Amino acid sequence: MPAYIEKAEPVTLPVIALRGTVAFPQITINFEAGDESAATAAKAAAASSSFLFLTSYNEYLEGGEEKEFPFYRVGTVVRIKQMLRTPEGQTRIIAEGLVRATVNSYRTILGYTEADLICRHVTLPDMGGVRGEAAVNEMLRAAEQNMRLLPAESGDLLNTIRTIKDPGALADFIAAHILVRPVDKQAILECIDPFARAEILLSILAEEAVVMEEESRIRKRVSARMNRHQKEYYLREQIKVIQEELGEGDDVAEFAERIQNSELPEEVAAKLTKENDRLAKTPFGSAEATVLANYLDTCLSIPWSKTTKDRVSFTAVQKVLDADHNGLEEVKERIVEYIAAKQLNPDLNNQILCLVGPPGVGKTSIASSIARAMNRKYVRISLGGVRDEADIRGHRKTYIGAMPGRIITALTQAEVRNPLILLDEIDKLTRDSHGDPTSALLEVLDGEQNKSFRDHFVELPFDLSDCMFIATANSLENIPKPLIDRMEIIELSTYTKREKLEIAKDHLIPKQLKRHGMTKRMLRITEDALIEIIDYYTREAGVRSLERTIATLCRKTGKKMLETGCKSITVKSGDVKTYLGERKLLPESIDSEDPVGCVNGLAYTELGGSLLKVEVAVLDGTGKIETTGSLGEVMKESAQIAVSYVRSVAKEFGIPTDFYKTKDIHIHFPEGAIPKDGPSAGVTMVTALISALTGRAVRRDVAMTGEISLRGNVLAIGGLKEKTMAAYSAGVKTVLIPEENMRDLSKIDTMARDNLQFIPCRRAADVLKEALLPAKKTAPTEFDKSADAVAASTFVPTANIQPQVRL
């Protein structure tokens, strides 16, 4: 059986002969028709079948031999893919190689060369089997060896070579892209047998490898003989001449003039003058001269004395803050109070504030607004991911690439010594072996210490007491206590629906209309449509997603205007679905009937408040207690406390006292994929347990929140504003809250306060009295009186715990 199968096919095609280039099958070639004959042949091929025969000039004909057609008699049939006319008038052709062909005869016809050919179609069964695989491996090894010796190795080319498994095609590809001499490429092209072709290629690659290795050795020997000192001297002289031609040799005089003209503190001026004198004595172009010049330029760029004048009218500041932001009353009130105090005492030190709240509630934007209101320059320092103390204090100037820390860099950017500096995401600082950046901030944020802040690079004291620092954080958990102690903490809560509505109307819609080239007359979004978007298309603490949704609405309505030619569009509540699709969020709602063993709890999340239902199932068993719903450790402990409390009052509700031995209790919090934690569901679990054990239904229009103690006390919780808004949105009518939280009702949204009934609860008995419906066909119990007797205690919690149930 032959090693390969060959099929011959006669054909007559136009001919183009190339100089110094060889075309191969299955490889795209790009060339210019060098003369009129070649251009005519290309046009003839394009006018017929687009097939063309490419061969090469034979540069090695024997002396004196006269031939009309000095071409090789083996070439490649190609198909023209594209033919272009260049600005220079040349014809450029892009063609794809198809098959080898041998020439029977050449002739001239109609101004171009034509040839009678025999196309040599070669097929290699099973890629040559074991022999073919061995040939491929050898060619790949030889190609990799040769490419390593090339001055510029191409990884893409090597990756392509590794994907070719056909020995013949691989030999052609390597010959086309790696071999240098055209005569070697022609030798590969003229070999029809794929295995013989591979052997010839390996021989040529071995010869070229020897030559390239020798060339590499010669280059190394020549390079080693160069005199290093002569080279450095020559380069230095060149630099010196270039500097003189450019007039850059007067750095010392320039620095001296800048020092004299700048209003520098005495200590700073003396230090910089000393360093400039050292620069004058340092050899030009040396490493030390570069360090000194960089140091002097950096120090002279720092605003040692330039300041801006504060706007000290607190009424003007109030107007600017109100115009820029809706809500955030606590922050704005604190700034106005500071301005009022500054108006009374101009020497008052600047404040250091820390705004803590979930993402998107306006912490960064309010800082920019405060700077504008106070007529101060604003500069932001992003601290997220900073893990090196040198990022705050800078590097010693002796290190390569040394630079000042972020504080000095911010002052340089602001160009004044009293800007408002925003320390953004201060809770995202990390620490490692390079140091703790939070420790470096202790001096920066201490009003008594930052009067003489020293950056490691500058090595001179700088007074930061005139700067106003505002830090932002999402949580205080990751901020060290000493750093918290140096800042005044202002907590920003999530926006209510009413606040989001006002922000959208006053700020977000005008901003997006301007951004999309629209006016209020062109696009009008009704209040009902905004409420639809807020309730069913966004769920967040801030308004970033709401702004993106409004931007989407602007784009879609703008497209509709252009398509239909209408000049204005009004988006109503029913139109939102047309532009934004189906509702993305399902509304939270209470049950349609009064359930048994299911209670409406309230949770605080990073996205706001949420209705958190608690389900309890009582099953025959051996007293196991199972909790499900991705609960944290605190929540599991709260469930244990709830069960223990129910055991202590079991008799009062007619519950068998041994239920904890004969019944299995399963406590479940729906939406199990969402982690939950915190103690504020304690009273909710107690109510659900007693409902399930007694069969008494729970009022579906009641929601509750509060931590439970073993003695039955209802302890204070946090996040009341967000929880009450969630209750109102879900259709709850009555909310049971700890008695200690009644003082927080003034801080909740007026919409929730006006539409909900709040019942303070000091004991678990108060909760159960309001939540549980009377038992059917049973006499009322004396639970309130007995429960008080069992749970009587004077225990009062020592701390106002504010848990977070992260959903």
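Select Glu330 to begin: Glu330 is partly exposed, having a relative accessible area of 48%. The model on your screen is a predicted one. Glu330 has its place in helix α12, which covers residues 329-344.

**The negative patch**

Keep Glu330 selected and add Glu333, Glu337 and Glu491. These four residues form a negative patch on the surface. Which helix gives the largest share of the negative patch? Helix α12 does, with three residues.

**The whole chain**

Now zoom out until the whole protein chain is in view. The secondary structure comes to 28 helices and 24 strands. Along the principal axes, the C-alpha atoms fill a box of roughly 130 × 85 × 60 Å. The radius of gyration of the chain is 42 Å, whereas a compact globule of 807 residues would have one near 28 Å. Of the 807 residues in the chain, 46% count as buried.

**The positive patch**

Next, select Arg515, Arg555, Lys556 and Lys584. On the surface, these residues gather in a patch of positive charge. Then narrow the selection to Arg555. Where is Arg555 found? Arg555 belongs to helix α20, which takes in residues 544-564. With a relative accessible area of 47%, Arg555 is partly exposed. The cut-offs behind that label are 20% and 50%: a residue is buried under 20% and exposed over 50%, so Arg555 falls in between.

**Salt bridges**

The next stops are about paired charges. Side chains of opposite charge can pair when their charged atoms come close. How many salt bridges does the structure hold? The count is 37, and three of the pairs are visited below.

*Asp116 and Arg107.* Select both residues and show their side chains. The two side chains meet in a salt bridge, with a distance of 2.7 Å from N to O. Asp116 is partly exposed, at a relative accessible area of 21%. Arg107 also counts as partly exposed, with 31% relative accessibility.

*Glu275 and Lys271.* Move to helix α9, residues 266-281, where both of these residues lie. Glu275 and Lys271 are four residues apart, about one turn of the helix. They form a salt bridge whose closest N and O atoms are 3.3 Å apart. Is Glu275 buried or exposed? Glu275 is buried, because its relative accessible area of 3% is under the 20% cut-off. Its partner Lys271 is partly exposed, with a relative accessible area of 24%.

*Arg486 and Asp446.* Select this pair next. Arg486 forms a salt bridge with Asp446, and the closest N and O atoms are 3.4 Å apart. Arg486 lies in the loop between α17 (481-485) and β13 (488-491), and Asp446 in the loop between α16 (437-444) and β10 (453-454), so the pair ties together parts that are 40 residues apart in sequence. Arg486 is partly exposed, with a relative accessible area of 24%, whereas Asp446 counts as buried at 15% relative accessibility.

**A salt-bridge network**

For the last stop, select Lys271, Glu275, Arg278 and Glu288 together. Which residues are joined into one network by salt bridges that share partners? Lys271, Glu275, Arg278 and Glu288 are joined in this way. Two of these residues, Glu275 and Lys271, are the pair already visited in helix α9.

How values were computed: Residues are numbered from 1 along each chain as its sequence is written. This is a predicted model: local features need pLDDT of at least 70, side-chain atom pairs count only at pLDDT 80 or more; totals for chains, interfaces and linings use all residues. Side-chain values use heavy atoms; hydrogens and water are left out. Patches are made of residues with over 30% relative accessible area and no salt bridge: like charges are joined within 9 Å, nonpolar side chains (Val, Leu, Ile, Met, Phe, Trp, Tyr) within 5 Å. Accessible areas come from the Shrake-Rupley method with a 1.4 Å probe; for residues, only the protein chains shown count as cover. Lys and Arg count as positive and Asp and Glu as negative; His and the chain ends are not counted. The place of a charge is taken as NZ of Lys, CZ of Arg, CG of Asp or CD of Glu. Helices (H or I, at least four residues) and strands (E, at least two) are DSSP runs, numbered from the N terminus. Buried means under 20% relative accessible area, exposed over 50%, partly exposed in between (1.4 Å probe, protein chains only). The radius of gyration is taken over C-alpha atoms; the globule rule is 2.2 Å times the number of residues to the power 0.38.
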